[in-house]
Structures are given as C-alpha cells and as structure tokens.
Amino acid sequence: MSALRLQPFLRTAMRTAPRIGARRSLNTASAPTLYSAHAKVVGARKGHVDGENLKVDLTMAKALGGEGDQGKTNPEELFAAGYGACFQSAMNASAAKMGITMPTTIEDSVVETTVHLVGDMKALDMGLRVDMKVKVKGLAKEELQKVVDEAKKVSLKMPTIEDISDKQARIILHALCKDAEIESKATEYLESLHSHAKLTPDPQGTKRKAEEELEICVHCDAVFDMAENHDEACTWHQGDLDPDERCGFWDDYDEGLVDTEENREVYPDMFVWSCCGRLGDEDGCRPQAHEAVYKAARYRD
C-alpha cells in the first residue's frame, strides 16, 4: 500500500508547496450553489450541534483544559472528518479523470487527517494546521502522487493573494502594517530586496530588471536570484518544531500553553525539530533549491 504525507493547511512559513498545474479560478461569491448545509450550535465548545442530518454533543479537548468527555466531539475533530472526506472524494474524481483506477474496496483507500489548533489562546491569536496521510492499496507511489497533486487543484480552496489586483494588495498591506510587527517584517523584506538588487549586476544597466529576478524563499526567508538558484541553495527543516520534553525546562513552566509561536521565538533551544531532532535554533537538515514565496502561495490549499 502506497502512502503519502501532505499538509494542505500550513503555518505562515510553509513546509511543503508542491508544484502542480494551473491554478483553479473560482469566484465563490458568484459561483452557482451546488448544496448548502446548515448547523445550529448552542453552548460553544461545550454545547450541542443540530443539523439536518447531524446531532452531536461537544466537549472541550483535554489538551485545552477541558474534560474531553467520551462520546462527544469537538470542532477540530469535525473539521478533520469533513476535510478528509472532501479530499478523498477529490482524489477519486481526479483519478477517474486521469484514467487511474482506484481500489473498489473502500478500506483500501484511507485518508487520515489531523487538525492542529495552533497559536496563543491568551492573545486570541489562533489558527489551524492540517496534516494528512494518504494510503491507497494497489497504486504505485508515483501514481498516488499524481492523484494527490490533481486532487489539490479541485479540493476546497481559500482565496489567495494571486486572485487580487496590485491596488488591492497595497490596500491590504497598508492595513496589515498597522501591526508594528508586520510592518517591521515587511520593511525588512523590502530592504533585503532593494539591497540585493543593488548588488546584482545587470547586463542592461537597469535595477528594475534585477528586481524582477529576485524572490523570497518560502522555507528560509532569504532573498535570492532565480538565475543563481541551485539544488543546495536553501537548507531548512521539513518537520514540525515541537517542545523538547527531554530538557526538563517545561516541567515547571506555568505561564500558559507551552506550544506557542511566541515560545518558539523566545526559547528556540527548548524546542526540537521532528524531522531530525536538532534544536530549534540549529541549521536546517534538508538541502534543496530555494522556492519562491509567491509560487508556494499560489498552490496553497
């Protein structure tokens, strides 16, 4: 049975970004409605959900300080089920379109979906990250990769920055830069692009052409010239940065959640990379060519 791991929803610094075909263009505001689902929720995370074909009780997960009651579910688990089912359906449709035969026994095609609630609860700054493991019996790994890549084109997508105009991008950037941290990062990127452009000789003698060749790497954050990119230009970590439970530092930590982005920045040496076991502030373990941010975002799910 062939198996693949993928991450349709990722953190700000994306870990994977497969190069697939042309981006699907769908305006969800004007597209015809195929089906509408409705659910009524009372009691928030400890309440109850009523839908046309759904009646479930909710409980707060133990990891979030709740009871984690048996027989009850939570929003992340419901999302994992829904997203996994949709993606598997997209795989079946994509395989048929490509002339690839999927197994007829349903147990031979499995999608395991893990939804992570990430961020900082105290600051109300949270988001979702999704890990998926796809296993299909009877398909070679190369065939399965083709099916998964095709399914990414038709599975549920959020609007991306590729769909907006330059004017809309400037408006959004100005709004985001009200946050001092975002403004600082944007300015840092801008200065890096300008500095690199000045240092890049151009046969035509114009800085504009040099700037058009520059990109920012989605993995290592470095500015690079596409013409000078090579297979070992970037070194990064493909895994997750998890709290180091061996060090003992977190045993007496009483300032809230441990697994937060803020703690990763403040205590990088108290986290380890799942891909190699190195500490959070150590160099990457995977060499490859730089990958442009805008191209990665273009194919983001």
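Is Arg-45 buried, partly exposed or exposed? In this predicted model, Arg-45 has a relative accessible area of 24% and is therefore partly exposed. The side chain of Arg-45 meets that of Glu-76 in a salt bridge, with a distance of 2.5 Å from N to O. Glu-76 belongs to helix α1, while Arg-45 sits in the loop between β2 (39-42) and β3 (48-51); the pair, 31 residues apart, links distant parts of the chain. Glu-76 has a relative accessibility of 12%, so this residue counts as buried.

A look at the whole chain helps to place this pair. The protein chain has 301 residues, of which 32% count as buried, and its secondary structure comprises seven helices and 12 strands. Among contacts between residues at least 6 apart in sequence, 60% join residues at least 24 apart. The accessible surface comes to about 19300 Å², and carbon and sulfur atoms account for 51% of that area.

Confidence varies along the chain. The average pLDDT is 82, and 81% of the residues score at least 70. Over residues 296-301 the pLDDT falls below 50, although this stretch has 20 contacts in the model beyond near neighbours in sequence. Residues 9-23 also stay under 50, and for them the model has 49 contacts beyond four places in sequence. Where pLDDT is low, the predicted coordinates should not be read in detail.

The structure holds 11 salt bridges, and the one between Glu-76 and Arg-45 has already been described. Another joins Asp-50 to Lys-55, whose closest N and O atoms are 3.0 Å apart. Here Asp-50 is partly exposed, with a relative accessibility of 24%, whereas Lys-55 reaches 65% and counts as exposed. Lys-72 and Asp-69 form a further salt bridge, with 3.7 Å between the closest N and O atoms. Both partners can be placed by their accessibility: Lys-72 is partly exposed at 36%, and Asp-69 is partly exposed at 31%. Elsewhere, Lys-185, Glu-188 and Asp-221 are linked in a network of salt bridges.

Aromatic side chains come next, with six aromatic pairs in the structure. Phe-79 and Tyr-83 form a stacked pair, with 6.0 Å from centre to centre and 20° between the planes. These two residues lie in helix α1 (residues 75-98), four residues apart, or about one turn of the helix. Their surroundings can be told apart by accessibility, since Phe-79 is partly exposed at 28% and Tyr-83 is buried at 7%. Trp-250 and Tyr-253 form an edge-to-face pair, in which the centres are 5.1 Å apart and the planes lie at 80°. Both of these residues are buried. Trp-250 and Tyr-253 also belong to one aromatic cluster, together with Phe-249, Tyr-267 and Phe-271.

Phe-271 leads on to a further residue, because Thr-260 is in contact with Phe-271 and Gly-119 when neighbours within four places in sequence are left aside. Thr-260 is found in the loop between β10 (241-243) and α6 (261-266), and with 4% relative accessibility Thr-260 counts as buried.At the surface, Leu-117, Met-121, Leu-124, Met-126, Leu-128 and Leu-257 make a nonpolar patch of about 500 Å². Leu-128 is found in strand β6 (residues 125-136) and is partly exposed, with a relative accessible area of 33%.

Notes. Residues numbered from 1 in each chain as written. Heavy atoms only, no water. pLDDT = per-residue confidence, 0-100. Contact = heavy atoms within 4.5 Å. Phe/Tyr/Trp six-rings, centres within 6.5 Å; stacked < 30°, edge-to-face > 60°. Buried < 20%, exposed > 50% of the residue type's maximum accessible area, 1.4 Å probe, protein only. Areas by Shrake-Rupley, 256 points an atom, 1.4 Å probe, with all protein chains shown as cover. Patch = residues over 30% accessible without salt bridge, like charges linked within 9 Å, V, L, I, M, F, W, Y side chains within 5 Å. Salt bridge = Lys/Arg side-chain N within 4 Å of Asp/Glu carboxyl O.
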